[in-house]
Amino acid sequence: MNNKQTEKQIGQSFSNVTPDVYNDISARCPTRAAVKRQRSANWGWKLSTCALALVLVVAIVFGGVMLGTQGRQSAVAATVTLDVNPSVAIELSTDQVVLGVKALNKDGERILGDLDLTGSNLQTAVYAIVGSMTLGGYFSVDNSVLVSVDADQSLYQSLVDKVTSEITVILGSQNVQASVLSQWITQSESAKSIAQQYGISSGKAQLIAAILDASQNAYTAEQLAKLNVNELNLIIESLNLPQDVLSHNGNNASQSRYIGREEAINKALEAVAADLTLSSLSQTDVSRLQCKMDNDDGVMVYEVELVYNDWEYDVDINAITGAVVKLEKELQNYRPYDDATRTKLSEEDIRNLVRSMFDLPQNQWVQVSYDRDDGVYEVKVNPNQGKFYEIEFNVYGDVISFSEEEIEIMPGPVEDQWQGGAPGDQYSAVMNYVITQLENIYKQPIDRSKMIDFTYKLDDDYRSRNVWEVEFKYQVGNIMYEYECSVDIDTMEIIEQSRDIDD
Amino acid sequence: MSRQTYKMPRSHQIDNAIYGIANGEENSLRTLYQLTSSAVYAYALTVTKNVFDAQDVMQETFVKMYDAAPNYISRNRPMAWMLSIARNLCMDKFRSNSRLTDVTDEQLEAQLQTVQADVTDRLVVQSCLSKLSQQERTIVVMHAVGGVRHREIARQLDLPLNTVLSKYKRSLQKLKDILQGGKDE
C-alpha cells in the first residue's frame, strides 16, 4: 500500500461511515426565491464597452418586455445546452420561454457575466449567448458549436432547427461559417459518469462517449474532456459517427488555427525525404497517402501515412507549428531469414552500431533487448535533448523499424525506472539536479543505480506550473529512506522535499 | 485568444453549488451535500470524537451554510469556508455541553459499531481518531477527505507548510502501518 492508496482509503472510509442526513437538512432549508447570483468581481471583460453588446442588451430587454414573465412559474420542459468551450444550459418552459440560463464551466460564467435572460424566448437567448461568445473571441479561429437537447423527442427537431439557424445567422454576420453538431440527450450511464468525473456538460460528455465508442477507445475520456468542441469536431470528421447519434449541419470544423492538410503533407514528405536522404519527394512518388487530424496527448496533430518503396511511414505533424512530432517507419512484410554469408550480431555489437549511428560516446546508455520469437533486437535510446528513438534491427544489423518521437517536457503521469539515464537529455538533467539537491540537503550521497521504486509525475497541486513530483527509495545501511521532491522544471526551484524512513 | 481547455476543479463545483443555493436553484443543496458531506462529517468527527455530536454538527453546518449562501463570496476556498463553519459549531458544542468529547476509545468503538460500514472502514476511522493527535487527524482529514491543499491547511491552522507536510506524511505512515498490520493494533 503506498501513500496515494492510503490517502484514497481514508477518503473512502470516511465517506462510507458518513450517515445520510440529507432529508433532515433539506427539511430545515426553506425553498428560497431566486436571488440574483453574486459573483466575484474578477471576470475580465465588460460587455458594455462593445457595440454588439448594446444591441444584445436592447434585444434582451425588449424580448423580456415583449414576452413578460409568464413562464416563470412553469416547470422545465426542455434544456438546450450549447458547448463551444464555454458551456451554457438554457432551461425552457413548455411554451419555450427561458426559465433560466446556467453556466456549466468557467468560460460559461465568463460569457454570461450578469446577463439575465429569464423570460426571453429561445432565439433571443441563443442570440445573446452566441453573441457574447463571439465578443469573447471564441469564434475568432474556431467555428464549432455543439447543441444538445434534453427534452421529449417530439420537441427535439424543432428546437435544434431554431437554435442551429440562429447560430448560423449570428456567426454568418461575423463571416464565420458555423459548424453545428446536434444531439438528443439520452442520459446514458457512460456519459453521466464522464460528465461527473470531469465536471463537463452532459452534452459534451455524450459526444465524448460517442467518440470513444466509434474509435474503439483509441482515446481516453480524460484526454477528450480537455478539448474544445472544435477540436472534438475535427476528430469526429475522421470517424464515422452514425447519423442517429449526432447530426451535423454540413459545414466542416475550422482548421484556420492549424497549418492545413496540404501543408502537413508537405512537411511529412520533407521529413521522409530527409530520412531517406533524398533531395525531395512529391505526392506522386509515394503511395497510399492519407492525412487525418488527431489528438496526441493533448496536442492536435495531422497524422500522415504513406508508403515509399518497402517502407511504410507514419508521420505526425504538430497541427499548429508544423513540427514533426513523430516519425515511424516499418519495413513492409518483413520476415526473419537466415543468411549464412552474413555475421549475426550480439547485443553489444548492436549497442555499438547504435552509438555510431547517432555519433554517441562509448559510455552512452543504449537499451537493447532481444526478442527471441521474432529474432529482432529492440533498441531504445534518447541521444539528444527532446528526442526518443525506438529501433528494431534484425540479427544482421539491418533496421526493420524505426520510430523517432519528441519527448514531451510535460509528460502525463508516468512511472519510470530512471537509474542515472543518459547524460545530456533534459529529463536526466532534471533528475540529476533534483538528486544532487537532495544529496546536499541530507548530506547523503546517492548512488543513482541503487535507487528503488523511482517514479515521477506531474504534480497536480500546481496546475499552472510544470512541477514534477519525484519519489524514490534509497537504502543506507539497514535504513530504507523514502525521498520526495517537487521541482518546478522551468525555474528548477525545489518547491517541497522530504525524506522519511520507510519501514 | 488563447485556447481554453477546462476541467472543473472540485472547489469550483462546490462554489457553483453554493451560488446555486443562493440563487434558489433546486438540486444545488443536494449537489453540495454530495460533494462535501463526508468531509464535513469527517472533520466534525475529528474534533468531537463522537459519532452523534459529529452528525449534529454536520446537519447544523449545512443549515447554517444554506442561510449564509447569499452572502458567500468565493475566494476559491469553499471547503475551507465550510470547515470553518463546522469548526465554530464544534466550539459552540464544547461550550454549551461540558460532557462533550473525550469519550473513551472503547465508547467510540461502540459508537462506530452502530454505523453501517465494513470492518476496514471502521478500522481506518477509528485509527484516525484514536492513534493520531488532534492536529494530525485534522490535517489528514482536511487533505485526504476534504481535498484541501496543504498550503491552505497551513494557513488555516497557522502552521508552517513544512510542518503540515511532515505531520501529514507521518500520520499517513502510521495509518498505513496499522492497516497493513491488520487489526492487531
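In this predicted model, Ile185(A) sits in the loop that links strand S5 (179-184) to helix H7 (189-198) of chain A. With a relative accessible area of 7%, Ile185(A) falls under the 20% cut-off and is therefore buried. Once neighbours within four places in sequence are set aside, the contacts of Ile185(A) are Ser148(A), Val149(A), Asp150(A), Ser202(A), Gly203(A) and Gln206(A). Thr79(A) is 106 residues away from Ile185(A) in sequence, yet their C-alpha atoms are 9.5 Å apart in space.

Gln187(A) belongs to the loop between S5 and H7 of chain A as well. Here the backbone does something a bit unusual: most residues other than glycine have a negative phi. Gln187(A), not a glycine, has a positive phi of about 60 degrees. As for exposure, Gln187(A) comes out as partly exposed, at 38% relative accessible area.

Next comes the sheet that S5(A) is part of. Six strands of chain A make up an open sheet with mixed pairing, in the order S3-S2-S1-S4-S5-S6. Strand S3 (98-103) and strand S6 (247-248) of chain A are the edge strands; each has a single partner strand, so one side of each lacks a neighbour in the sheet. The partnership of S3(A) with strand S2 (residues 87-92) of chain A is antiparallel and runs over five bridges, with Glu91(A) opposite Gly100(A) in S3(A). Helix H6 (residues 153-173) of chain A packs on this sheet and touches strand S1 (78-83), S2, strand S4 (144-150), S5 and S6 of chain A. The direction of H6(A) makes about 165 degrees with that of S5(A). Helix H8 (residues 202-214) of chain A packs on the sheet too, touching S1, S4 and S5 of chain A, and its direction is at about 90 degrees to that of S5(A).

Further along chain A, strand S9 (residues 311-318) is mostly covered, with six of its eight residues buried. S9(A) pairs with strand S8 (residues 299-308) of chain A in the antiparallel sense, through eight bridges; Val307(A) has Glu312(A) as its bridge partner in S9(A). These two strands, S8(A) and S9(A), make a hairpin with two residues between them, and Asn309(A) in the turn has a positive phi of about 50 degrees. S9(A) is also joined to strand S10 (residues 324-331) of chain A, again antiparallel, by seven bridges, and Val315(A) faces Leu327(A) in S10(A). That pairing of S9(A) and S10(A) is a hairpin as well, with five residues between the strands and a positive phi of about 80 degrees at Gly322(A) in the turn.

Over in chain B, Lys49(B) is found in the loop between helix H2 (28-48) and helix H3 (51-68). Phi of Lys49(B) is positive, near 50 degrees, in a residue other than glycine. Lys49(B) counts as buried, at 13% relative accessibility.

Chain B also offers a helix pair. Helix H8 (residues 150-157) and helix H9 (residues 161-180) of chain B pack with their axes 8 Å apart and at an angle of about 110 degrees, and the two are therefore roughly perpendicular to each other. The crossing of H8(B) past H9(B) is right-handed. From H8(B), the contact draws on His150(B), Arg151(B), Ile153(B) and Ala154(B); from H9(B), on Leu161(B), Val164(B), Leu165(B) and Tyr168(B). Sorted by type, the residues of this contact are six nonpolar, one polar and one charged.

Terms used:
Residues are numbered from 1 along each chain as its sequence is written. Chains are lettered from A and ligands numbered from 1 in the order in which they are written. This is a predicted model: local features need pLDDT of at least 70, side-chain atom pairs count only at pLDDT 80 or more; totals for chains, interfaces and linings use all residues. Side-chain values use heavy atoms; hydrogens and water are left out. Axes are lines fitted to C-alpha atoms, for helices over the stretch in contact, and angles run from 0 to 180 degrees between N-to-C directions. Helices (H or I, at least four residues) and strands (E, at least two) are DSSP runs, numbered from the N terminus. Angles under 35 degrees count as roughly parallel, over 145 as roughly antiparallel, 65 to 115 as roughly perpendicular and the rest as oblique. A crossing is left-handed if the near helix is turned anticlockwise from the far one by less than a right angle, and right-handed if clockwise. Contact means heavy atoms within 4.5 Å. Ala, Val, Leu, Ile, Met, Phe, Trp, Tyr, Cys and Pro count as nonpolar, Asp, Glu, Lys and Arg as charged, and the others, Gly among them, as polar. Buried means under 20% relative accessible area, exposed over 50%, partly exposed in between (1.4 Å probe, protein chains only). Two strands pair if DSSP finds at least two bridges between them.
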